[in-house]
Amino acid sequence: MSKFIQAVLVSDEKADLRQFIGQLRTHQERYFLRNQILQEFANYCTEHDKPAYFQRTSLLGELLTYTHELFLEEESIWLILRPKIASQEIYRLTGDLSGWETMPVRELLALRDRWVDRYCSNLLEIDFGPFYKDAPTIRDPRNIGNGLEFLNRYLSSKLFAAPHLWLEALLKGLQQKNYNHTPLFLNERIYSTEQLSEQVKQALKLVGQLPANTPYEKFRFELQNLGFEPGWGFNASRVRDTLELLDRLIDSPDHAVLETFLAHIPLIFRFVLVSVHGWLGQEGVLGRPETAGQVVYVIDQARSLEKQLQEDIKLAGLEVLGIEPKVIVLTRLIPNCEGSRCDRRLEKIQGTSNAWILRVPFRTFNPKVTQNWISRFEIWPYLETFAEDAEKELLIEFEGHPDLVIGNYSDGNLVAFLLARKLRAIQCNVAHALEKPKYLFSNLFWQDLEPQYHFALQFTADLITMNAADFILASTYQEIVGTPESIGYYESYKHFSMPQLYHVVNGIELFSPKFNVVPPGVNQNVFFSYSETSARVAEDRERIKELLFYKEDPNIIGYLEEPSKRPIFAFAPLLPSKNLSGLVECFAIDTELQQLCNLILMTSQVQIREISDAEQKGEIEKINQLIEQYHLQGKIRWLELRLATADIAEAYRTIADLGGIFVHPARFEAFGLIVLEAMSSGLPTFATRFGGPLEIIQDGENGFLINPTDLQETATKIKQFIWECEQNPDYWQEISQRGIRRVRDKYNWRSHTKQLLLLAKIYKFWKTSTEGNKEALIRYLEALYYLIYKPRAEQLLEQHMQR
């Protein structure tokens with residue numbers, strides 16, 4: 001981009017740049033983001049009668065297209081350019097445009113501190129760059145999120161280049177695997193790589209003489225005499241396939257064969273899924289504070305994991321040893337459970353044999369606090385002791401160590417970090433939604449926000465856990481590195497300033513193979529199509545219809561004068577980020593849309609009573625104000641409901657029965673599980689284009705993407721769909737069926753789980769069979785934990801003790 005800047009400064013467009021900067025200086029602001037820059041430049045082009053091409057294809061137009069931030073100082077102009085995804089370049093131009101220079105990240109961070117008038121010299125710099133210096137990294141940003149494939153190729157090439165080391169690593173990995181001290185795969189008869197190679201051929205000769213369907217028990221002892229313990233297969237055919245893969249690895253190693261081989265053998269039996277905040281249960285919790293898609297995700301993932309593990313164990317022939325997989329969802333026990341089951345220590349997950357919710361209470365520092373639900377923003381002081389107590393409980397429940405610990409959200413990821421370190425388990429992170437990019441400038445103004453949000457704790461925890469994780473699951477590519485127009489969730493941690501606390505010079509390596517895009521699925525036994533009438537319960541159908549359209553209740557606001565109108569349905573927590581008030585305003589300002597449709601909202605609250613959360617109060621007040629201001633009585637129903645998951649699914653189907661639509665108007669959605677649920681139920685869906693739905697929905701093909709900040713455009717897009725449905729009676733059905741197929745083909749739990757298990761196996765294999773040493777990184781992370789995180793957590797605990 002430096003050549004680009006130079007080209008502008010030596011061309012006739014230098015005068016335009018000077019005039020444009022002069023125009024910006026007339027504003028009070030001295031800092032501009034990309035959208036503001038482009039809008040100001042559009043205004044400049046209009047005012048100066050520039051030809052249409054100038055705005056985008058001129059040198060200056062292209063330069064400003066890549067400019068994501070612009071700072072104006074008295075004697076200089078700073079441009080922060082994003083020439084391609086996951087990269088950034090910083091330039092400072094002289095005020096008279098006579099020259100320019102590239103600037104280091106630390107100078108940009110200091111500039112931002114000056115902008116908010118909180119500059120401090122000699123600040124701590126956090127830099128993870130040296131720890132990734134010699135580690136494998138992806139080159140092409142298009143391949144970010146395909147970490148497994150890259151890492152497998154890279155490490156395979158390294159090991160296969162030295163055959164002796166490779167075979168030693170393979171032998172070591174197979175020798176170490178056992179279940180409750182019962183050896184798997186190999187016994188003491190095979191103690192060298194030469195023996196392994198020879199005995200594999202003998203074993204293949206043995207099973208090759210047997211009928212394909214011969215049960216493993218029939219030739220188990222013959223294999224043991226050759227040095228092979230259970231784990232290779234349940235019959236002669238499966239054992240032969242697995243041993244042939246091993247034989248190929250020994251004679252002519254290849255990364256694809258290695259991946260297939262590891263997929264064939266069971267290496268993982270015990271999972272911990274950590275989800276601490278909110279109300280984690282199976283009934284009566286959805287709609288409670290901070291309890292939404294994450295709870296559904298974790299419970300469904302646990303069910304799917306157990307099912308796949310059982311299948312893998314059966315295929316491997318390990319049923320003869322009585323091996324049974326176990327999945328534990330670790331969460332917090334809430335003594336004052338408010339009618340839920342969140343005060344029960346152990347709860348079996350419905351539809352499973354050995355998957356459980358294990359609840360561990362927070363230690364009682366102040367009963368007024370720890371006996372009750374605690375917001376995710378206040379939870380930080382209790383996580384270390386929670387992890388200590390949870391470790392003991394997990395060892396009891398598993399009767400051993402777990403193989404993999406998966407953290408969910410920032411607090412769960414921190415607990416996963418603490419547990420994985422102690423239990424010697426693989427650590428996986430799932431962010432769901434990182435708070436930092438959700439709140440604009442939250443890092444720069446962290447001191448102002450600290451009393452309510454405690455971002456200093458959360459952002460520090462995020463830095464620790466994302467760098468500690470062996471691998472990270474992201475639901476979408478843009479969750480990691482965004483789009484050409486906007487940065488990704490993880491990318492926002494690359495470098496940032498916490499004024500007067502620390503500067504992050506390099507917070508995460510975005511090109512690390514630890515990142516893997518593995519989208520979740522939908523429980524299609526629950527969220528099935530409205531057209532599957534035989535699977536629907538008539539009584540539930542009528543009950544939900546009565547609830548949505550007719551029932552009078554203190555927790556339901558509004559009525560419908562014409563219930564037969566096509567319904568617009570929205571279901572989300574009452575948070576500004578979910579933007580339900582924006583949807584109400586969109587409906588309110590378009591009388592034509594009101595003539596065509598009714599609006600039905602389903603939220604966790606409709607009344608301000610007993611709400612301490614300022615954000616929820618603000619949303620409730622705004623929606624009520626819009627209803628009054630635009631006289632929406634008779635056109636809107638607003639329901640405060642905490643429905644069971646099956647009832648939520650039936651609500652989608654009930655709206656679909658009437659030819660309705662689902663609208664998800666979030667300002668940003670990290671993924672959008674709720675979008676998948678609506679589409680899977682057969683409901684045509686309109687969802688925000690900012691975030692995960694951009695990758696879920698193919699606009700106009702199987703759903704519709706909307707800009708939630710442009711209310712009139714959103715209303716017009718909905719009306720165009722309805723008009724098309726009226727002109728073409730099959731159009732609604734076409735979009736509905738395409739949405740169902742999209743979810744069924746790409747977003748299913750079986751695919752998610754098979755990929756997750758393969759990730760866990762391969763990362764575990766490489767961690768145990770290579771000499772990669774993370775100890776220096778772990779010590780660095782522990783320093784951040786004990787010197788920055790823990791003292792601040794203790795300060796917050798002191799505040800809680802005084803309540």
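**Close-up views of helix pairs and a mixed sheet**

**View 1. Helix α10 packs against helix α11.** Helix α10 (residues 193-208) and helix α11 (residues 216-226) pack at about 160°, and their axes lie 10 Å apart. That angle makes α10 roughly antiparallel to α11, since angles over 145 degrees count as such. The model shown here and in the other views is predicted. The crossing of α10 past α11 is right-handed.

**View 2. Side by side: the residues between α10 and α11.** From α10 come Q199, Q202, A203, L206 and V207. They meet F219, E222, L223 and L226 of α11. By class, this contact of α10 with α11 holds 6 nonpolar, 2 polar and 1 charged residues.

**View 3. Helix α10 also packs against helix α12.** Helix α12 spans residues 236-251. The axes of α10 and α12 come within 9 Å and cross at roughly 150°. The two helices are therefore roughly antiparallel to each other. Here α10 passes α12 in a left-handed crossing.

**View 4. The residues between α10 and α12.** On the α10 side, the contact is made by L196, S197, V200, K201, A203, L204, V207 and G208. On the α12 side stand A236, V239, R240, L243, E244, L246, D247, I250 and D251. The contact of α10 with α12 divides into 10 nonpolar, 2 polar and 5 charged residues. A203 and V207 of α10 appear in this contact and also in the contact with α11.

**View 5. An open sheet of 7 strands.** The strand order is β19-β22-β21-β20-β23-β24-β25, and the pairing is mixed. β19 (556-557) and β25 (704-706) stand at the edges. Each has a single partner strand, so one side of each is left without a neighbour in the sheet.

**View 6. Strands β20 and β23 run parallel.** Strand β20 covers residues 566-571, and strand β23 covers residues 661-664. The two are joined by 2 bridges. F569 stands opposite F662 in β23.

**View 7. Helix α22 lies across the sheet strands β19, β20, β21 and β22.** Helix α22 covers residues 538-549. Beneath the title's four names, β21 is 597-603 and β22 is 636-640. The helix runs at about 115° to β22.

**View 8. Helix α23 lies across β20, β21, β22 and β23.** Helix α23 covers residues 580-588. Relative to β21, helix α23 runs at about 165°. β20, β21 and β22 are strands that α22 lies across and that α23 lies across as well.

Notes:
Residues numbered from 1 in each chain as written. Predicted model: local features only at pLDDT ≥ 70, side-chain atom pairs only at ≥ 80, totals over all residues. Heavy atoms only, no water. Axes fitted to C-alpha atoms, helices over the stretch in contact; angles between N-to-C directions. Parallel < 35°, antiparallel > 145°, perpendicular 65-115°, else oblique. Left-handed = near helix turned anticlockwise from the far one by under 90°. Contact = heavy atoms within 4.5 Å. Nonpolar A, V, L, I, M, F, W, Y, C, P; charged D, E, K, R; others polar. Pairing = 2+ DSSP bridges.
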